[in-house]
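Colleague: Please take me closely through one part of this model, together with the empty space that surrounds it. I should like each term explained where it first appears.

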Amino acid sequence: MLELLLPTDYQLMFRWLPDVHIVTNTLVSLAPLYTYGTASFSIYRKRTSAGFSLDICATMLMALILRILYYFISPYEPLLLRQLLVMVFIQCVLLKVCLRFRHASYNPEELERLPDLAQDLAQIPTISVSQFQYDDPDFYRRLIESLVMHFVICCGHIVRFFDVHYERPFHFWQWVEPFEYWKFLQIFSAVFAILTALFRHVSFFASFIGILGLFIEALLPLPQILMLQRLKTVENFKLILLVSWLSGDCMKLSYLFFGTDNVSVIFIAAGLFQMGLDLVILCQFVYFYRQDMRRASLEIPMYELSSEHDQHYG
């Protein structure tokens, strides 16, 4: 509309320029190609996927599939649908590259087994209940402590499920053969596609698939946090991924707080939770990057060692 303020002769020049709205939508749709494309190229160039959590592909693809199916229940902007389809494509490319350059000696059977939840819960002191204990203040204190210990232990086991150090039930997303990953994605897509076709008009199912996709997406940074904590280095971690995650969190929260009026507390809580996890990765990146720089400064190059050797014995 600003070109209308110019003289008529100059307005003809704007007809040859692309529409700004179309260009913006195209850039937004293709942005994931650059973000995850650079990560894929980095893994391909280094011939190793060490430092990158393969679970990121799992969480992203499952969340994307659910969000695409949600379009057939409650249609949203086509721009978002195109972006989701592009994300699915680049995530599949990233998964294929990671599986190709995974360590050749990888064997999930050698991973540490998950601790027994029932055994850990059995170690919590039991509280005997009788009608004479309800007036004892220590009874409620011990009861609260017992509930907190149960909660902490259960959360610890849930977190360990996302830790690649432990062997998961049925070796979920730890398979040796690449076709197992594609087989799971096909079954996952088919099951929820059939359920969507059958229950697309049921409001409960619409809420269920929306919340489930949001919950899976909120857990996206957790596997990377656990991997960085074990590796103690960010040598093979791409900063562009962290930047894209934080940018996405800011855009999502800005929309939830200022872009709409009718928003559920669940969406806000999930957005804040995911951003909190991304901030943890940011702190890890800063800390371990300094550690990497410190270790690199302490290493003596080999050519300096050979030069000192020649001067000493020459």
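Modeller: R47 lies in the loop between α2 and α3, where helices (H or I, at least four residues) and strands (E, at least two) are DSSP runs numbered from the N terminus. The model is predicted, so local features need pLDDT of at least 70 and side-chain atom pairs count only at pLDDT 80 or more, whereas totals for chains, interfaces and linings use all residues. Residues are numbered from 1 along each chain as its sequence is written, and side-chain values use heavy atoms, with hydrogens and water left out.

R47 is not a glycine, yet its phi is positive, at about 60 degrees. With a relative accessible area of 47%, R47 counts as partly exposed; buried means under 20%, exposed over 50%, and partly exposed in between (1.4 Å probe, protein chains only). H171 also has a positive phi, of about 55 degrees, without being a glycine. H171 sits in the loop between β2 (166-167) and α7, and its relative accessible area of 16% makes it buried.

On the far side of the R47 loop comes α3, with 14 of its 17 residues buried. At 1.5 Å a residue, α3 should span 24 Å, and its end C-alpha atoms, 25 Å apart, agree with this; the expected span is 1.5 Å times one less than the number of residues.

Next, the empty space. On a 1 Å grid over the protein atoms alone, a cavity is a set of points where a 1.4 Å probe fits but cannot get out; a pocket is an open set with protein on both sides within 12 Å along at least five of seven lines, and lining residues have an atom within 4 Å of a point. Points are joined across faces, edges and corners, and a volume is the space filled by probe spheres set on them.

The whole structure holds 2 cavities of 30 Å³ or more. The largest has a volume of about 50 Å³, and helix α2 (residues 20-46) gives the most to its lining, with 3 residues. The second largest has about 40 Å³; K46, T48, S49 and A50 are among its lining residues. S42, I43, F52 and N236 line the largest cavity and also the second largest. By class, the largest cavity is lined by 5 nonpolar, 3 polar and 1 charged residues, the second largest by 3 nonpolar, 4 polar and 1 charged. Here Ala, Val, Leu, Ile, Met, Phe, Trp, Tyr, Cys and Pro count as nonpolar, Asp, Glu, Lys and Arg as charged, and the others, Gly among them, as polar.

The largest pocket contains about 1800 Å³ of space. Of its 43 lining residues, R67, L80, Q83, E217 and K252 are the closest to its centre. Elements that give two or more residues to this lining include α2 and α3 (55-71), while α10 gives the largest share, 9 residues. The second largest pocket has a volume of about 680 Å³. A50 is one of the residues nearest the centre of that pocket, which has 26 lining residues.

Finally, confidence: pLDDT is the predictor's confidence in each residue, from 0 to 100. The chain has a mean pLDDT of 82, and 81% of its residues reach 70 or more.
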